[in-house]
Amino acid sequence: MPLATGAATNAPDVTSQAALQAVLDDRAGWDADALRVLKSFTPQSTFSDIVKAMHRYHVHHIYVVGAEGHPIGVVSNRDVIREILNII
């Protein structure tokens with residue numbers, strides 16, 4: 001299936017049930033360390049560490065958690081792009 005104009009070339013193909021299941025299986029294969037890392041970002045975490053985790057684990061959002069472990073915010077790939085554009 002050809003990509004639409006402007007579509008991201010690295011986006012997973014989820015046009016079929018089998019392709020969607022493959023993406024879900026890939027995410028389900030994360031080890032305990034990956035899940036611990038993705039749940040451990042606090043307001044004191046550096047932006048650099050969050051961006052590195054997004055890249056390493058192929059995620060588009062990282063939740064920031066408060067002292068009780070409840071989500072208090074989110075950093076998205078759009079936030080990353082905005083920060084890059086602010087420095088160039």
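Which residue takes a positive phi in the hairpin of strand 1 and strand 2? Keep that in mind as we walk through this predicted model; the hairpin is our second stop.

**Stop 1: the whole chain**

Start with a cartoon view of the protein chain. Its secondary structure comes to four helices and two strands. Follow the elements from the N terminus and you will read them in the order α-α-α-β-β-α, with the two strands placed between the third and the last helix. Now switch on the surface. About 6,900 Å² is accessible, and carbon and sulfur atoms hold 59% of that area. The chain has 88 residues, of which 20% count as buried. If you like contact maps, consider the contacts with a separation of 6 or more: 23% of them join residues 24 or more positions apart.

**Stop 2: the hairpin**

Select residues 61-65 for strand 1 and residues 71-76 for strand 2; the two run antiparallel and are joined by five bridges. To look at one pairing, pick Ile 62, whose bridge partner in strand 2 is Val 75. Then move to the five residues between the strands and click on Gly 69. Here is the reply to the opening question: Gly 69 has the positive phi, near 85°.

**Stop 3: Phe 47**

Next, select residues 47-57, which form helix 3, and show the side chain of Phe 47. Is Phe 47 buried, partly exposed or exposed? Its relative accessibility is 35%, so Phe 47 counts as partly exposed; the buried class would need a value under 20%.

Now display its neighbours. Leaving aside residues up to four places away in sequence, Phe 47 touches Val 75, Asp 79, Val 80 and Glu 83. You have already met Val 75 as the bridge partner of Ile 62. For Glu 83, try the distance tool: the C-alpha atoms of Phe 47 and Glu 83 are 9.6 Å apart, while 36 residues separate the two in sequence.

**Stop 4: Asp 79**

Finally, select residues 77-87, which make up helix 4, and centre on Asp 79. What does the side chain of Asp 79 reach at 2.8 Å? Look back to Ser 76, and you will find its backbone nitrogen at that distance. The side chain of Asp 79 also makes a polar contact with the side chain of Arg 82, at 2.9 Å.

Beyond residues up to four places away in sequence, Asp 79 touches Phe 47 and Val 74. Show Asp 79 together with Phe 47, and you have a contact between helix 4 and helix 3 on screen.

Technical notes
Residues are numbered from 1 along each chain as its sequence is written. This is a predicted model: local features need pLDDT of at least 70, side-chain atom pairs count only at pLDDT 80 or more; totals for chains, interfaces and linings use all residues. Side-chain values use heavy atoms; hydrogens and water are left out. A polar contact is a pair of N or O atoms within 3.5 Å; within protein, one must be able to donate a hydrogen and the other to accept it, and residues adjacent in sequence count only if both atoms are side-chain atoms. Contact means heavy atoms within 4.5 Å. Buried means under 20% relative accessible area, exposed over 50%, partly exposed in between (1.4 Å probe, protein chains only). Two strands pair if DSSP finds at least two bridges between them. Accessible areas come from the Shrake-Rupley method with a 1.4 Å probe; for residues, only the protein chains shown count as cover.
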